[in-house]
Amino acid sequence: MERKPYYISTAIAYTSAKPHIGNTYEIVLADAIARFKRMTGYDVYFQTGTDEHGQKIQQKAEAAGITPQAYVDNVAGQIKEIWDLMNTTYDRFVRTTDPMHTRKIQTIFRKLHDQGDIYKGAYKGKYCTPCESFWTESQLVDGKCPDCGREVAEAEEEAYFFRMSKYADRLMAHIEAHPEFIQPESRKNEMVNNFLKPGLQDLCVSRTSFNWGVPVDFDPNHVTYVWLDALSNYITFCGYDPDGNHDEHYKRFWPADVHLIGKDIIRFHTIYWPIFLMALGEPLPKQVFGHPWLLVGDGKMSKSLGNVIYADDLVRWFGVDAVRYYVLHEIPFAQDGTITHELMMERINADLANVLGNLVNRTIAMSHKYFDGVIQSPDAAEPLDEELRSMALALPAKVEDKMNSLRVADAIDEIFTLLRRSNKYIDETMPWALAKDESKRARLGTVLYNLLESIRFAAVMLKPYLPQTSDKIFEQLNLANGGVESLAAFNGMQPGQKVGEASILFSRIDIPKKLKEIEDEQQKRAGKPKPEKKEAAIPGVITIDDFAKVEMTVCKVLACENVKKSAKLLKFQLDDGSGTPRQILSGIATYYKAEDLVGRTLVACTNLAPRKMMGQESNGMLLSAVRDTEDGEELHLIMLGDEIPAGCKLC
């Protein structure tokens, strides 16, 4: 069966400076969608690239003492390096300085001029150089550019204009007939109410005050306005021919299925671009999706504010897939997301190290410990297994439903719901307890089979989002990475075969220590002297480094009993997330009955040196609170909610 074509594009990145993580989010988002579509059987064409003309570029090149072409060559190279670093699978990286594109833009301009859609006039108004946009006085916000908030300058020059109003009613009708055309809904309402309904003004489409752009070939004093030049990349590089001799690639993939863009340029893509296409007689893209921003704390990234975070730094500190996970998961469908180094590390520890990494590691480790790595037949099923099986089998359809509406963060949540259920399944079945009873060996094999199979389902579905991690999981499962077609049944793991070796997918991060490392690196890079650190000279006061040495771990009580010949000691067997029960002795028998503590979620210090108590070894200490009452001392173990999985660290 022939694969259905699917064309996805990003906005082309402006070559004014190195892209920050907010810019990089878009290419990672597009890549996740493209990978998912390929995985589900589509013939995908994924286009990205750089926008390289305009007054701002010319000014930056002049300030640097180099030609505009040399300037954009350097920045375009940086952008492509970061796109490649993020493991993105674009099919074509385009540049608007490409001679082919230049020729097509000149032909498009002439065609629109000859048919009367472009006419010559003069412009006088407010101009924002960073946004390459003209504004009327009424459109300014507090006298500044409504898009970026920067200063605008009075500009007056001869220019060509496009008759936008000629197509306004037709565009409105298209939007009404195709409610999916502009997404999310809030972006559509903004365009209709703020721009279309008040009436469109004719658009300036050429400039004479600078020359770094595509020349108008029949009037060489003019260069093409950057938005007509840049927006047309979606068709010029896809095989469009202004004279009508389109190549087969264009015939197959146009109209695009989705233009993925930032919400700040939604107006250009949902008003200017579709009107240009209407004038050219070409179909409109099926959807324009204006994604939200990634903010630092509660503000937009800005070099002037000194809060810019770059993708290559994050990758060096945390790894590619950790960065991909954060930006894909932490930006909601229609709301801005937030990134800080601390928030990112918290998410890595909670989701990637604990929920995902710990599950895979201890499941593979238990398979080796109890069965020498050999996968067992799932012949001892119990009703408890059905929920896990059903959840796994339903996962592909749930993820696809979310992806069809571009709700990528929600799709990832569906996968992690299965991972969390798998962790709970371990708590419910207690494989370490089954391993002590030879008569339950078949049941132990079934439990591990179900866990391995659930991990397989998750690994397949994680491939578009965390491709390297997905491959590593399949290496530990000792399987080839299958597609969604391999998830039709809960039987992909083959009994008798062996799993691979367990390895750490994501290590837990010591957040205070890592924050200090990042701060030191940033200060060194900025050439700032390291500030002297003065520790408080107060007796008994510790530093944050001292506190960081204490490892406090969430543990589930697997078993608890009184220690013989001791009136105070209880002996605990605890699940600390490692896959091997931890024994701790605690002198709390006068406060708690052993049977009342089984199944409870406690907190233990797990990096204390072992010590002997009543001839038995204790590996840690349970945390509790003590208070004095009229009747004497009262002790309360620190207990947490059962939804917090074993192995989580307190920090």
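Helices are DSSP runs of H or I with at least four residues, and strands are runs of E with at least two, both numbered from the N terminus. The model is predicted: local features need pLDDT of at least 70, side-chain atom pairs count only at pLDDT 80 or more, and totals for chains, interfaces and linings use all residues. Residues are numbered from 1 along each chain as its sequence is written, and side-chain values use heavy atoms, with hydrogens and water left out.

**Exercise 1. Salt bridges**

Task: Determine how Arg 389 and Glu 386 are placed in helix α14, and state which contact their side chains make.

Solution.
1. A salt bridge requires a side-chain nitrogen of Lys or Arg within 4 Å of a carboxyl oxygen of Asp or Glu. The side chains of Arg 389 and Glu 386 form such a bridge, at 3.9 Å from N to O.
2. Helix α14 covers residues 384-404, and the two residues are three apart in it, which separates them by about one helical turn. An α-helix has 3.6 residues a turn, so residues three or four places apart point the same way.
3. Accessibility is graded as buried (under 20% relative accessible area), exposed (over 50%) or partly exposed (in between), with a 1.4 Å probe and protein chains only. Arg 389 is partly exposed at 30%, and Glu 386 is partly exposed at 45%.

Task: Locate Glu 137 and Lys 126 in the chain, and decide whether Lys 126 is buried or exposed.

Solution.
1. Glu 137 and Lys 126 are joined by a salt bridge whose closest N and O atoms are 3.8 Å apart.
2. This pair links distant parts of the chain, 11 residues apart: Glu 137 lies in the loop between β6 (133-135) and β7 (153-162), and Lys 126 in strand β5 (residues 118-128).
3. Lys 126 is buried, with a relative accessible area of 19%, whereas Glu 137 is exposed at 54%.
4. In total, the structure holds 44 salt bridges.

**Exercise 2. Helix α4**

Task: Compare the expected span of helix α4 with the distance between its end C-alpha atoms, and describe what precedes and follows the helix.

Solution.
1. The expected span is 1.5 Å times one less than the number of residues. For the 16 residues of α4 (residues 99-114) this gives 22 Å, and the end C-alpha atoms are 23 Å apart, which agrees.
2. At the start of α4, a side-chain oxygen of Asp 98 comes within 2.8 Å of the backbone nitrogen of Met 100.
3. Gly 116 follows α4 and has a positive phi, near 90°.
4. The buried residues of α4 include Met 100, Ile 105, Phe 109 and Leu 112.

**Exercise 3. The largest cavity**

Task: Identify which helix gives the most to the lining of the largest cavity, and classify the lining residues.

Solution.
1. On a 1 Å grid over the protein atoms alone, a cavity is a set of points where a 1.4 Å probe fits but cannot get out, and lining residues have an atom within 4 Å of a point. Points are joined across faces, edges and corners, and a volume is the space filled by probe spheres set on them.
2. The count is one cavity of 30 Å³ or more, and the largest cavity holds about 30 Å³.
3. Its lining consists of Ser 367, Phe 371, Val 374, Ile 375, Gln 376, Gly 445, Leu 448, Tyr 449 and Leu 452. The elements giving two or more of these residues are α13 (341-371) and α17 (441-462). Helix α17 gives the most, with four residues.
4. Ala, Val, Leu, Ile, Met, Phe, Trp, Tyr, Cys and Pro count as nonpolar, Asp, Glu, Lys and Arg as charged, and the others, Gly among them, as polar. The lining thus has six nonpolar, three polar and no charged residues.

How values were computed:
1 Å grid on protein atoms, 1.4 Å probe; cavity = no way out; pocket = protein on both sides within 12 Å on 5 of 7 lines; lining within 4 Å. Polar contact = N/O pair within 3.5 Å; in protein donor to acceptor, adjacent residues only side chain to side chain.
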